[in-house]
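Visitor: I am new to this structure and would like a close look at one single part of it. Could you pick a residue and walk me through its surroundings?

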Amino acid sequence: MDGVVLAEAQRVAAGAEGSLAAILTDLERWVNLDTPGGDVSALDRCAADLAHTLESYGLHPELVPEGDRGLYLHATLVGSGTAKVALVGHHDTVFAAGTA
């Protein structure tokens, strides 16, 4: 591995280690939110929470209304690199309200 690439990978890993506890706390909060499919108000609350948290991480979130489907979340991170990465997911579950 190129020395510059290795040094950058080590820098990123060290930064992630310093943030791991906070990230795991956020993940635990999200996992414990009720977000049953079709419950637009619950899904919108989750999307807003995700957006707020991503903003605290330095991303630029945007909540996009999708009619009766509620809010979709788009977030970008601007940096000095040239790579482009897309992460795609969903925040609804198959579990009924009250089971989170």
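Guide: Here is a look at T53, followed by the protein around it. Please keep in mind that this is a predicted model, where local features need pLDDT of at least 70, side-chain atom pairs count only at pLDDT 80 or more, and totals for chains, interfaces and linings use all residues. Residues are numbered from 1 along each chain as its sequence is written, and side-chain values use heavy atoms, with hydrogens and water left out.

T53 belongs to helix α2, which covers residues 40-56; helices are DSSP runs of H or I with at least four residues, strands are runs of E with at least two, and both are numbered from the N terminus. With a relative accessible area of 5%, T53 is buried, a word used for values under 20% with a 1.4 Å probe and protein chains only. Beyond its neighbours within four places in sequence, T53 is in contact with D26, R29 and W30, where contact means heavy atoms within 4.5 Å. With R29, the side chain of T53 also makes a polar contact of 2.8 Å; such a contact is a pair of N or O atoms within 3.5 Å, and within protein one must be able to donate a hydrogen and the other to accept it, while residues adjacent in sequence count only if both atoms are side-chain atoms.

Now for the wider setting. The protein has 2 helices and 2 strands, in the order α-α-β-β from the N terminus on. Buried residues make up 14% of its 100 residues, and T53 is one of the buried residues. The C-alpha trace spans about 50 × 25 × 20 Å along its principal axes.

Technical notes. Buried means under 20% relative accessible area, exposed over 50%, partly exposed in between (1.4 Å probe, protein chains only).
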